[in-house]
Amino acid sequence: MNFHFVEFFRSLNVTLPNALFALGAAVVSYILMHGALILLRKRLGALSTDRQHGTVAQVLSKTLAHTGALAIVATAILIGLSVLDLPEPWNTRLGHLWFFTLGIQIAMFLHRAVKIGSRRYFLAHNHGAVDQQVTVAHTVVIWLLQTTVWVVFVLAMLSNLGINVTTFVASLGIGGVAIALAVQNILGDLFASMAIAVDKPFEVGDYISAKDYAGTVEHVGLKTTRLRALGGEQIVVANAELLRNTVYNFRRMTTRRIQFALRASPSTPPQLAAKVPAMLGEIIKRRDKVRFDRAHLKTVDQNWIEYEIVYTMLDANYDLYMDTQQLINLEAMQMFADLGISMAPRPQHVLLQEAPDTRADVRGEEKAAANEYVDGASDTAGDDDTGDAGSRVLKH
């Protein structure tokens, strides 16, 4: 057995001094890599408290913490073998070992970094809480990214070994396209669910409005989002359909801008009309959690004069807004009454006229002429007593 071992080394053209030099290089490489890893982890631990680089430092530190001693030993041995001038095919095989060792270590680093980074991202965007929606999206994202890492590693390894993977990659692409076309609606809703979980346009409990539906979000699933409408019914909307529309999230309102109009009679004297904006401002300023913006006489025409009033509610609560608006309207009505300003529009005049008698006269021209004479005489005689009885003027 010893004879064959010695013959093997002789076939590699490795002498004892070369072997001792390679062993020394491997030992030194192990010590240097182990020491560098310890120093790097300490440096990353110091950077973890830095607000600007803390997140990246923590992810890298936890990723490197799972670096096994076996990986360092294997890398050190490869470094020691690399200093030897090995003949073929051992030199080529050594290159394959380098690729496999470094590739699998990088894949393991990425596998761990994806898990740690995605978990921190979802927790940060969910304010430290964990719910079902985040858990599902987190699991799906991790699975997709980690699978991608290992698929790329396997394909790269096969290519390094001399296997033609072009046809295999093309087959995967065609198969993926076929599957995607078959389940495109499901995949669309799935990715929309992930987008909702990551981007957080709304959360459970938010009141939202989009297109023809509105309600409070009760549940966000992998395929659908369920809303509870004001009428009590539940609305089930596909996630992809929901994200294709503009979504209004009313729960995230911090203020509410109100614009409304008050009308008065156009017969109001200008002196009184000029006092109204300032008095309306005083009415609004007396309300709690309200910031008065402006009040102006906006429109003057033959039917009415119109005031436009704008104020901002500092609390977005809808009930508080309605209570405040009601008080403003009541005090504005009382103010108009105290000033003697009518809120009624200008009276309208309507002219009513009787339709002429269009019945056909079949008694001949002479009879018709006589009729005309009589009617004319009657009209003349009645002018002095009754005036024009064929028209009436009504005013209201």
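The following paragraphs go through a set of strands, a helix and a loop residue in a predicted model. Local features are given at pLDDT of at least 70 and side-chain atom pairs at pLDDT 80 or more, while totals for chains, interfaces and linings use all residues. Residues are numbered from 1 along each chain as its sequence is written, and side-chain values use heavy atoms, with hydrogens and water left out.

Strand β3 covers residues 224-228 (strands are DSSP runs of E, at least two residues, and helices are runs of H or I, at least four, numbered from the N terminus). Its side chains alternate: T225 and L227 point to one face and are buried (under 20% relative accessible area, 1.4 Å probe, protein chains only), whereas T224, R226 and R228 point to the other face and are not buried.

β3 pairs with β2 and with β4 (pairing needs at least two DSSP bridges). Strand β2, residues 213-220, runs antiparallel to β3 and is joined to it by four bridges; a hairpin of three residues connects the two. Strand β4, residues 234-238, is also antiparallel to β3, over five bridges. The hairpin between β3 and β4 has five residues, and G232 in it takes a positive phi near 105 degrees. T225 is the bridge partner of V220 and stands opposite V237 in β4.

In helix α4, residues 69-82, the buried residues are A71, I72, T75, A76, L78 and G80.

R287 lies in the loop between α10 (270-285) and β7 (290-300). R287 is buried, at a relative accessible area of 17%. Outside its neighbours within four places in sequence, R287 is in contact with T324, L327, I328 and E331 (heavy atoms within 4.5 Å).

Conventions: Buried < 20%, exposed > 50% of the residue type's maximum accessible area, 1.4 Å probe, protein only.
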